[in-house]
Each structure stands twice: as C-alpha cells, then as structure tokens.
Amino acid sequence: MSVAEILRSKGNAVFSITPQLTLARACAELEARGVGALVVCDGDRVAGVFSERDVVRALAQDGARALDRPVSAYMTEKVIFAEPREEMSALMARMTDRRIRHLPVMADGRLAGVVSIGDVVKHHIAEVECEASALREYIETCG
C-alpha cells in the first residue's frame with residue numbers, strides 16, 4: 001500500500017499552526033484536534049513539526065515558562081517528508097529508524113497530508129489480515 005492510498009482512506013486534512021503561536025495555544029490545538037502533532041507553517045513553507053514529544057522536552061527544559069514561548073523555540077525543524085508514491089514498508093522503516101511518529105506528505109511541492117505511525121500500523125494490520133484470510137480460503141478450497 002502506498003502513502004497516496006493511505007491518504008485516500010484517511011483523508012488529507014492537515015492541521016497546522018504558525019511558528020509564533022505560544023506553546024500553550026499549540027497544546028490546546030493538539031487537544032482540540034485530537035492529534036499528536038501539528039505541522040508548523042510559515043506562509044506556504046513547512047517550517048517544522050510540533051509534537052507531543054516536543055511539549056515534554058519544552059517543559060523539561062524550561063518548566064512552566066515554556067508555555068508562553070513560541071512554538072518555534074521547541075518545534076522539530078528538520079522535517080522528514082513522505083511522498084505519495086512511497087510504499088508503507090519504506091515508511092515503517094523510516095519512522096522506526098528515525099524514531100518519528102508523523103510524516104508530512106509532499107506532492108508537487110505542496111503539503112498533501114500527514115501520515116502517522118498509527119495510520120501505517122492500521123493499514124499494515126489490515127493487509128496482513130487480508131492475506132491471512134486469503135490463505136485460509138485457499139487452504140480450505142484445496143483440501
């Protein structure tokens with residue numbers, strides 16, 4: 001299964017914030033959207049990713065005063081992207097190797113969606129279950 005197929009299934013909504021937004025407001029946005037990460041956009045440019053892990057690091061570094069600082073002080077700036085044609089196995093490997101949970105998807109130079117490790121695992125399980133079902137059916141018809 002490709003990234004494009006995952007996005008077709010789950011949708012391509014991208015929740016984004018600006019780098020100037022405070023950490024407190026970004027946390028409220030994470031909660032309101034029910035997501036683990038937000039894409040940080042500076043105009044049309046992806047400036048970073050802000051995740052729950054970034055919140056923990058911010059609070060560990062600066063305590064409660066971090067809540068009034070901008071997201072840009074804590075976001076992950078080195079963004080690793082996925083492309084629509086990539087296969088799920090490549091995403092799984094990249095996410096595991098890099099220890100990341102969210103990959104913004106770029107298509108034709110624009111943000112086309114976000115794929116999470118949860119999306120990848122969900123679709124992988126569905127594929128494995130489908131294969132197992134097909135094998136059981138094959139074995140039953142041959143016996």
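Colleague: Which strand gives the largest share of the lining of the second largest pocket?

Modeller: Strand 5, residues 110-116, with three residues. Strands are DSSP E runs of at least two residues and helices are H or I runs of at least four, numbered from the N terminus. This is a predicted model, where local features need pLDDT of at least 70 and side-chain atom pairs need 80 or more, while totals for chains, interfaces and linings use all residues. Residues count from 1 along each chain as its sequence is written, and side-chain values use heavy atoms, leaving out hydrogens and water.

Colleague: OK, what volume does that second pocket have?

Modeller: About 220 Å³ for the second largest pocket, counting the space filled by probe spheres set on grid points joined across faces, edges and corners. It has 13 lining residues, and K10, A13, F15, V35 and V114 are the closest to its centre.

Colleague: And what counts as a pocket or a cavity?

Modeller: On a 1 Å grid over the protein atoms alone, a pocket is an open set of points with protein on both sides within 12 Å along at least five of seven lines; a cavity is a set where a 1.4 Å probe fits but can't get out, and lining residues have an atom within 4 Å of a point.

Colleague: What about the largest pocket, what's its volume?

Modeller: That one comes to about 350 Å³. S51, R53, T76, I100 and R101 are the closest to its centre, out of 17 lining residues. Helix 3 puts in the largest share of that lining, four residues, and strand 3 and strand 4 also supply at least two each.

Colleague: How many cavities of 30 Å³ or more are there?

Modeller: Just one, with a volume of about 40 Å³. Its lining is A37, L38, V39, V49, H102, P104 and V114. Strand 2 gives the largest share there, three residues. V114 turns up in this lining, and V114 is also one of the residues closest to the centre of the second largest pocket.

Colleague: Switching topic: which residues have the most contacts inside the largest nonpolar core?

Modeller: I17, V40, F50 and V71, in a core of 15 residues. Helix 2 (23-33) gives the most, three residues. A core here joins buried Ala, Val, Leu, Ile, Met, Phe, Trp, Tyr and Cys through side-chain atoms within 4.5 Å, buried being under 20% relative accessible area with a 1.4 Å probe, protein chains only.

Colleague: What does V40 touch, beyond its neighbours within four places in sequence?

Modeller: Among its contacts (heavy atoms within 4.5 Å) are I17, P19, F50, V71 and M75. There's a second, separate core too, with 13 residues, including A82 and M88.

Notes
Buried means under 20% relative accessible area, exposed over 50%, partly exposed in between (1.4 Å probe, protein chains only).
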